[in-house]
Amino acid sequence: MALQCLQDADGQALGVCVISVDATESRQAQERMAVLGRAGSRFGSTLDAMHTSQELADLATS
């Protein structure tokens, strides 16, 4: 959040400008990409269904 005092030509305070940005969606997207990155490096090492299931469970609980 950023605050800025608004002044007229004589320097008298007129008010305050507030700038706020909701970064929730961006942060969530970064977290999803991190999970996908970890998944990509862990999965696919075998065709064994039990092993892959365990890898998925490990990722879901980490």
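Gln12 touches Leu6 and Gln7, leaving out residues up to four places away in sequence; contact here means heavy atoms within 4.5 Å. Gln12 sits in the loop between strand 1 (2-7) and strand 2 (13-19). Helices (H or I, at least four residues) and strands (E, at least two) are DSSP runs, numbered from the N terminus. Gln12 counts as exposed because its relative accessibility is 51%. The cut-offs are under 20% relative accessible area for buried, over 50% for exposed, and partly exposed in between, with a 1.4 Å probe and protein chains only.

Two notes on the source. This is a predicted model, in which local features need pLDDT of at least 70 and side-chain atom pairs count only at pLDDT 80 or more, while totals for chains, interfaces and linings use all residues. Residues are numbered from 1 along each chain as its sequence is written, and side-chain values use heavy atoms, with hydrogens and water left out.

On confidence: pLDDT is the predictor's confidence in each residue, from 0 to 100. The protein has a mean pLDDT of 84, and 98% of its residues reach 70 or more. By element, strand 2 has the highest mean, 90, and helix 2 (residues 49-61) the lowest, 82.

Now the cysteines. How many disulfides does a search of the whole structure find? Zero, where a disulfide is a pair of cysteine sulfur atoms within 2.5 Å. Cys5 is in no disulfide, and the nearest cysteine sulfur to it belongs to Cys17, 10 Å away. That 10 Å between the sulfurs of Cys17 and Cys5 is too far for a bond. Cys5 is partly exposed, at 39% relative accessible area, and Cys17 is also partly exposed, at 29%.

Next, strand 1 again. Leu3 lies in this strand and is exposed, with a relative accessible area of 58%. Together with Met1, Val16 and Val18, Leu3 forms a nonpolar surface patch of about 480 Å² accessible area.

Last, helix 2, where His51 is found. Is His51 buried or exposed? In between: His51 is partly exposed, because its relative accessible area is 37%. Neighbours within four places in sequence aside, His51 is in contact with Ser45 and Thr46.

Note on methods. Patch = residues over 30% accessible without salt bridge, like charges linked within 9 Å, V, L, I, M, F, W, Y side chains within 5 Å. Areas by Shrake-Rupley, 256 points an atom, 1.4 Å probe, with all protein chains shown as cover. Salt bridge = Lys/Arg side-chain N within 4 Å of Asp/Glu carboxyl O.
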